[in-house]
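Open the model in your viewer and keep the selection panel handy. We will go from stop to stop, with something to select at each one.

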Amino acid sequence: MTAAQIRPATGAAFSRIHGVGGYRPVRVIPNSEVLGWIDSSDEWIRTRSGITERRWAGPDESVTEMSVQAAGKAIAQAGIDPGQIGGIIVATVSHFKQTPAVATEIALKLGCPTAPAFDISAACAGFGYGLNLADGMIRGGSAEYVLVIGVERLSDLTDIHDRSTAFIFGDGAGAVVVGPSDTPGIGKVIWGSDATQKDVITQTEAWDTALGKPDAINGAGEQAPHWPALRMDGQPVFRWAVWEMAKVAQQALDAAGVTADQLGAFIPHQANMRITDAMIKALKLPESVPVARDIAETGNTSAASIPLAMERMLQTGEAKSGDLALIIGFGAGLVYAAAVVTLP
Ligand SMILES: CC(C)(COP(=O)(O)OP(=O)(O)OC[C@H]1O[C@@H](n2cnc3c(N)ncnc32)[C@H](O)[C@@H]1OP(=O)(O)O)[C@@H](O)C(=O)NCCC(=O)NCCS
């Protein structure tokens, strides 16, 4: 008897982003409102972070609702039917119901309730991680179109009296539809982590000890339940982002065989405008390359920041469909992901 051979899955030769969409919450929080919470100044916040205002979600702007809005736009731009979606990947660190995955709730609302649907937790690199998975799924033959959503309600995890984080974070959702392509539209994703720095951005404590687990003792040795928040040791994050992430961005360019002067856009994670400026210098990015500066009005929305910034650059005409864009996400973990992509 000859041994049976497994027929391998075969997929598209290449993949690309077919559509992008974003959702920005209605409520605008200007720096002046932040000054009611922390001892700071509008000038300090602008010069240290580049942020002038951010959006915070209201009760009706849930992780699910914001995602559905953003995904609906991405699907419309891609020109596909929701039934063609063969995978939904949701990157988030601020959805508070662990089971079921929020991706399944979104699948149901979008009208593709049979698609494989799952969440990933990779903080500000979550969008790039999701993009890498989607590219692999499409080229590996396990899906034709994959929806990648980055969504956060970081206001729920912000301690408004913490001077190092109260002014930084925002809420929102960004989504892309990734699908088959005749030409390469997503370069090799350079991803990784520096787990030795896992504690520089972290939730103050785990849900079980913070809230209500019977007989739980919280981090302060008390029994009183309380809500966790994000804590960040800003300087090591800043140094790592500036020195190490510029190298990662260069690796993504090299892997794609693209030089900086061939880029139509640079879309880094909207962490901090000073980090963006330092990366531009380290990469020797020509002045002619448009740079995403969505952080000024949106704040740092973690997994949502790259697709939100991408949508804005295409809407304002700063970047054009078909242009090559260098994207790079980095954050808590510490984790990162960078790639050159063709804009939808
Ligand atoms: C958060 C960040 C802006 C703080 O800037 P910093 O220069 O490191 O701030 P420091 O904590 O060293 O404090 C410097 C001074 O500013 C003051 N300061 C700190 N927070 C302040 C605030 N919110 N408003 C006004 N002053 C503040 C400090 O008291 C200190 O004053 P002093 O020099 O008189 O002692 C900076 O570390 C940073 O951008 N880090 C990266 C953060 C980031 O991008 N995270 C997202 C990654 S996903």
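Start by selecting residues 126–140, which form helix α5 in this predicted model. Put a distance between its two end C-alpha atoms and you should read 21 Å. That agrees with expectation, because 15 residues at 1.5 Å a residue should span 21 Å.

Stay on α5 and switch on a surface. Is this helix mostly covered or mostly open? It is mostly covered, with eleven of the 15 residues buried. To see them, colour Gly126, Phe127, Gly128, Tyr129, Gly130, Leu131 and Asn132, then add Ala134, Asp135, Met137 and Ile138. Now step just past the end of α5 to Gly141, where phi is positive, at about 90°.

Next, go back to two of those buried residues, Gly128 and Leu131. Both also help to line the largest cavity, which has a volume of about 40 Å³. A search of the whole structure turns up one cavity of 30 Å³ or more. To complete its wall, select Val189, Ile306, Ile327, Ile328, Gly329, Ala337, Ala338 and Ala339 as well. The elements giving two or more residues to this lining are α5, β12 and β13 (335–342). By type, the lining has eight nonpolar residues, two polar ones and no charged ones.

Now for the largest pocket, with a volume of about 1,200 Å³. Which residues should you select to find its centre? Try Phe169, Ile201, Thr202, Leu230 and Ala332, the closest to the centre among the 46 lining residues. Several elements each give two or more residues to the lining, including α2 (42–49), β5 (117–120), β9 (201–203) and β10 (230–232). Helix α7 (234–256) is also one of them, and the largest share, four residues, comes from α7. Colour the lining by type and you will find 23 nonpolar, 17 polar and six charged residues.

The last stop is the ligand. Show its surroundings and 19 residues appear, the closest being Ser40, Arg48, Arg163, Gln235 and Asn272. Three of these names are worth a zoom, one at a time:

- Arg48: a polar atom of its side chain is 2.4 Å from a ligand oxygen atom.
- Asn272: here a polar side-chain atom sits 2.5 Å from an oxygen atom of the ligand.
- Gln235: an N or O atom in its side chain is 2.6 Å from an oxygen atom of the ligand.

Methods
Residues numbered from 1 in each chain as written. Predicted model: local features only at pLDDT ≥ 70, side-chain atom pairs only at ≥ 80, totals over all residues. Heavy atoms only, no water. Expected span 1.5 Å × (residues − 1). Buried < 20%, exposed > 50% of the residue type's maximum accessible area, 1.4 Å probe, protein only. 1 Å grid on protein atoms, 1.4 Å probe; cavity = no way out; pocket = protein on both sides within 12 Å on 5 of 7 lines; lining within 4 Å. Points joined across faces, edges and corners; volume = space filled by probe spheres on them. Nonpolar A, V, L, I, M, F, W, Y, C, P; charged D, E, K, R; others polar. Near = heavy atom within 4 Å. Polar contact = N/O pair within 3.5 Å; in protein donor to acceptor, adjacent residues only side chain to side chain.
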